[in-house]
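Here is a friendly walk through one protein chain. Take a look at the sequence and the model, and then we'll go from a single residue out to the whole fold.

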Amino acid sequence: MTIVQAFGNHAADKPLEPLRIVRREPVPTDVAIDILFCGVCHSDLHTALGEWGGTKYPCVPGHEIVGKVTAVGSGVTGFKPGDTVGVGCMVDSCGICPSCKDSEEQYCTGTGFIGTYNGRDEHLGGHTFGGYSKHIVVDQDFVLRIGHDEKDLAGVAPLLCAGITTYSPLRHWNVGPGQEVGVVGLGGLGHMGVKLAHAMGARVTVFTTSESKREDALALGADDVIISRDADQMKAAAGKFDFILNTVAAPLDLDPYLAALKRDGTMVLVGVPPEPHKSPNVGNLIFRRRALAGSLIGGIRETQEMLDFCRDHGITADIEMIRADEINTAYERMGRSDVKYRFVIDLATLG
């Protein structure tokens with residue numbers, strides 16, 4: 001076992017602080033990684049502060065990890081020391097259920113996927129610790145290859161969650177050229193949705209409550225902006241969209257967005273609000289054969305596909321780099337939606 005410097009908290013009402021955790025020695029199928037950068041996801045905040053319940057302490061969040069391989073087990077064939085790699089939201093799954101066999105490990109119905117943090121640690125017992133740390137050991141099947149330039153690695157880290165969370169539904173619903181796509185919200189998820197849908201060839205419109213976000217939305221690749229508080233603008237959007245990606249993690253009236261879909265259009269929810277959305281009007285669905293759906297992250301195969309797509313299209317997240325000792329301030333700012341568009345921790349500043 002190896003003692004590793006990390007940053008986490010010991011209780012929901014305690015701030016994050018430096019602490020030490022234990023990492024296992026690599027088994028034959030393991031990849032050992034020195035972490036360079038780790039994105040800060042809203043899931044990190046919710047888990048560390050106990051807002052979703054079930055948090056195991058001490059909690060070390062972080063599932064948007066980019067680093068360098070330092071060692072590999074004797075059975076590892078796809079990675080070698082010095083490789084640049086990523087680790088996302090999962091570090092294991094049952095491997096044998098129908099979802100796992102379909103490379104959809106995020107929907108594992110056996111053991112359930114094991115989270116990079118706050119999941120079951122099958123090796124050491126207890127629970128897993130995430131990427132707010134100097135080092136991590138992960139089974140080779142849950143390690144991703146990073147092909148971006150070294151100078152872009154900090155901006156790659158959020159792709160491991162925000163990127164795949166938006167890419168997966170866009171790919172599953174076959175978003176592409178000639179389609180009208182709406183993105184609701186322009187935060188960490190929404191800004192990635194705009195970039196990805198634009199790169200896939202769709203015409204992209206951002207729905208936002210704030211006129212001040214218009215310029216940013218257009219700069220990110222949007223073709224149009226609709227101010228969702230403006231009833232006239234929403235009414236004018238009726239029946240326009242083939243697909244809407246709703247990234248907002250707050251309770252919404254979904255009906256105006258459902259009404260904006262064409263016949264056979266689909267709106268997919270990827271944000272998880274603390275309280276349920278208002279139940280939509282069934283008429284908005286049945287009279288245009290519209291669909292309301294949800295989507296999680298992608299599986300490992302699809303996550304690798306997303307990373308390769310982003311490399312080929314020059315896509316990274318827009319980030320603000322922070323030191324490890326700025327994490328608590330970053331959490332406070334995230335609570336105020338004061339970030340464009342993802343905080344990333346430089347792990348060289350830890351320890």
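Is Leu307 buried or exposed? Leu307 counts as buried, because its relative accessibility is 3%; buried means under 20% relative accessible area, exposed over 50%, and partly exposed in between, using a 1.4 Å probe and protein chains only. A quick note before going on: this is a predicted model, where local features need pLDDT of at least 70 and side-chain atom pairs count only at pLDDT 80 or more, while totals for chains, interfaces and linings use all residues. Residues are numbered from 1 along each chain as its sequence is written, and side-chain values use heavy atoms, with hydrogens and water left out.

**Around Leu307**

You'll find Leu307 in helix H10, which covers residues 300-313. Helices (H or I, at least four residues) and strands (E, at least two) are DSSP runs, numbered from the N terminus. Leaving aside residues up to four places away in sequence, Leu307 touches Leu144, Arg145, Ile146, His148, Val156, Leu159 and Leu160, where a contact means heavy atoms within 4.5 Å. Tyr167 sits 140 residues away from Leu307 along the chain, yet their C-alpha atoms are separated by 9.8 Å.

**Rings that pair up**

Tyr167 also turns up in the next topic, for the structure holds four aromatic pairs. Rings of Phe, Tyr and Trp (its six-membered ring) pair if their centres lie within 6.5 Å; planes under 30 degrees apart count as stacked, over 60 as edge-to-face and the rest as tilted. Two of the pairs are tabulated here.

| Pair | Type | Centre to centre | Angle between planes |
|---|---|---|---|
| Tyr167 and Phe309 | tilted | 5.7 Å | 55 degrees |
| Phe207 and Tyr257 | edge-to-face | 5.4 Å | 80 degrees |

The Tyr167 and Phe309 pair links distant parts of the chain, with Tyr167 in helix H4 (residues 162-172) and Phe309 in helix H10, 142 residues apart. Both Tyr167 and Phe309 are buried. Phe207, in strand E11 (residues 203-208), and Tyr257, in helix H8 (residues 255-259), also bring distant parts of the chain together, at 50 residues apart. Phe207 and Tyr257 are buried too, and ring pairs join them with Phe241 in a cluster.

**Backbone oddities**

Where is there a cis peptide bond with omega of about 0 degrees? That one joins Tyr57 and Pro58, and Pro58 is in the loop between helix H1 (42-48) and strand E4 (65-72). Another cis bond joins Lys340 and Tyr341, with omega of about -10 degrees; Tyr341 belongs to the loop between helix H11 (327-335) and strand E17 (342-346).

Ser103 is a residue other than glycine with a positive phi, near 60 degrees. Ser103 lies in the loop between helix H2 (98-101) and strand E7 (114-115), and with a relative accessible area of 17% it is buried. Arg289 likewise has a positive phi, near 50 degrees, and its loop runs between helix H9 (282-286) and strand E15 (291-294). Arg289 counts as exposed because its relative accessibility is 57%.

**The whole chain**

Stepping back, the chain has eleven helices and 17 strands. Its radius of gyration is 20 Å, close to the 20 Å that the globule rule gives for 351 residues, so the chain is as compact as a globular protein of that length. That radius is taken over C-alpha atoms, and the rule is 2.2 Å times the number of residues to the power 0.38. Of the 351 residues, 55% count as buried.
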